[in-house]
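Thank you all for coming; I would like to take a few minutes to walk through one model, beginning with its helices and then moving on to a pocket, some rings and a few backbone details. Please keep the structure open in front of you while I talk.

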Amino acid sequence: MNRKQWVALAAGVASLALSSAAYATATAAEAARLGQDLTSVGATAAGNSDGTIPAWIGGKNFDDTIKNQTPTTLEALRQQFEAVRAKSPGDFDALLKYLDSFTLADYPQISKQIDSIIAKLPKDQADLATKQRAEIGGGGKFEAPQFIITKDNLAKYSDHLTAGQKAMFAKYPDYKMIVYPTVRSAFFPDQIYQATIKNATSASLKGTDDVEGAVLGFPFPIPKTGAEVIWNHKMRYRGSAVRRYNNQAIVKSDGSYKITKLVEDVKFKYSNLKEANPGTKILLYYLSEVLSPPRVAGQLILVHESSGSGGSGRDAWIYNPGLGRVNRAPDVGYDNPYIGTDGEQFNDQVDEFNGALDRYDWKLLGKKDMYIAYDSFLINAPLIKYKDIIRPGHINQNLARYELHRVWVVDATLKAGLRHQFKRRTFYVDEDSWAIAAVDDYDNRDQLWKVQEAQLITVPFVPTVTGIPEIIYDLQSGRYFITALQNEDKISDFKIDFKDDYFSPNNLNHKSQTK
């Protein structure tokens, strides 16, 4: 072997070592800041210098009545709202009339109209609804909007807007963002805080997809790379298990749509407070069933999501009633279209981003103060129907609540020689919860193509922060996809338990035979 060959070999070995090396963990001095000037999950505890972002308050915003709500009590409240609607439809029509012509001057009347509807509930449930509105929905001094961003004053706020938000203003003249006072009420169980602090000095990321040394909590509260930020999102606490009644729709440019209904069962293995899973590489088990419309009803998808190098980070199986059998599904990942979305949602856009990171180079750009959808109570309230949310071009922005929050900004660029329909993606990740709030997706011509937005809300009875609903706007077709709608369906069961074998391929076979 000549000298040039030796040099080439040495360079290749060095490159391989670099690509597989584990990124450094936080130092002891850095980790000591957690629970001090940083929250236990790594956010800056203090507000910003001009006071537009306040200090973090976390669970202090919620009393025990709200924290201890169950799916049963919440479902009873939802059904009572439906009963009031049936008796007094005019009250709801009046609320929507105010909301459809929203101005800052209208807001006191909107607030009074909501109060009048709540007052018609039975007393105990009226008290609960009032508490929910005040604590979850940024009520009281946080309830009144501060200002409205429109295309006419866009330049004033441009530095705090994503590229996707600016594109929405450019495409839709009626697009607006109603900005409210910021409430930093994200919080998690104490066990998650304690585990996260330990993970700070023990967890590492090998390559882009192999997390080592993390147990239960956020793996990287003091991230050094963009990939670590995304893994915090993927491994965040969302409860130990849930049965979610998910309603979603593809909305055409003229505003027409049909609702698809699914039941989604999830068991979170990594962040599970009910069982010990130290060192597990399994992140979660997922099983969904399509209930309607009839042409796709009965489809079943089973997913085992994992951490580790190689593959797409998941194993998947699918049952299609038309074929009548269960098959392995090697393409449930990356930019393969998610079933039933007509290509408007790729598999790795579920939950804003999921699956393997290996096709991209990840760059951490730092933190920035940005307007993101947050404390989105009204758009999720049983006061509102899907027809009130869904509009041509975009959702009814009068129902969306925006606040100024610090976000981590991460850029993902497609690696040379690898394939994905998104050449570049920019992620905006809430510092208080590690939930992805927004994503800008660029096509292979470097044109902004899709705009993702999660309407983040603190769910104090889990507790976690999640996006409900989530929207993917297609700037090229004028269509959009909306998922995680819940206003007209059962409350998700966040108290449910599943055994692991419920998510086995054998059980999927059994379920398919009962269809």
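When I say that two residues meet, I mean contact in the sense of heavy atoms within 4.5 Å, and please bear in mind throughout that this is a predicted model.

With that in hand, let us start at helix α6, residues 107-118, where S111, I114, D115 and I118 meet A126, A129, T130 and R133 in α7. By class, the residues of this contact divide into four nonpolar, two polar and two charged. As a general matter, two packed helices are described by the angle between their axes and the distance between the axes. For α6 and α7 the angle is about 150° and the axes are 9 Å apart; since angles over 145 degrees count as roughly antiparallel, α6 is therefore roughly antiparallel to α7.

Helix α7, residues 123-135, also packs with helix α4, residues 71-87, and here the angle is about 100°, with the axes 11 Å apart. That value lies in the range of 65 to 115 degrees, so α4 and α7 are roughly perpendicular to each other. On the α4 side the contact is made by L74, A76, L77, Q80 and F81, and on the α7 side by Q125, L128, A129 and Q132. This contact has six nonpolar and three polar residues, and no charged ones. You may have noticed A129 in both lists: this residue of α7 meets α6, and A129 also takes part in the contact with α4.

Let me turn to the largest pocket, which holds about 490 Å³ of space. Its lining consists of 24 residues, and those nearest the centre are I250, K258, T260, R295 and G340. The elements that contribute two or more residues to this lining are the strands β5 (241-251), β6 (259-268) and β7 (282-292). Sorted by class, the lining has 12 nonpolar, seven polar and five charged residues.

Next, the aromatic residues, for which the count comes to 22 pairs. One of them is formed by F422 and W449, whose ring centres are 5.5 Å apart and whose planes stand at 75°, so the pair is edge-to-face. This pair links distant parts of the chain, with F422 in the loop between β12 (402-414) and β13 (424-430) and W449 in strand β15 (residues 448-459), 27 residues apart.

Finally, some backbone details. Most residues other than glycine have a negative phi, and most peptide bonds are trans. Against that background, the bond from S292 to P293 is cis, with omega near 10°, and P293 sits in the loop between β7 and β8 (300-306). A cis peptide bond also joins V462 and P463, with omega about -10°, and P463 lies in the loop between β15 and β16 (464-474). As for phi, W434 has a positive value, near 65°, and this tryptophan is placed in the loop between β13 and β14 (436-442).

Definitions and conventions: Residues numbered from 1 in each chain as written. Predicted model: local features only at pLDDT ≥ 70, side-chain atom pairs only at ≥ 80, totals over all residues. Heavy atoms only, no water. Axes fitted to C-alpha atoms, helices over the stretch in contact; angles between N-to-C directions. Helix = DSSP H or I, 4+ residues; strand = E, 2+ residues; numbered from the N terminus. Parallel < 35°, antiparallel > 145°, perpendicular 65-115°, else oblique. Nonpolar A, V, L, I, M, F, W, Y, C, P; charged D, E, K, R; others polar. 1 Å grid on protein atoms, 1.4 Å probe; cavity = no way out; pocket = protein on both sides within 12 Å on 5 of 7 lines; lining within 4 Å. Points joined across faces, edges and corners; volume = space filled by probe spheres on them. Phe/Tyr/Trp six-rings, centres within 6.5 Å; stacked < 30°, edge-to-face > 60°.
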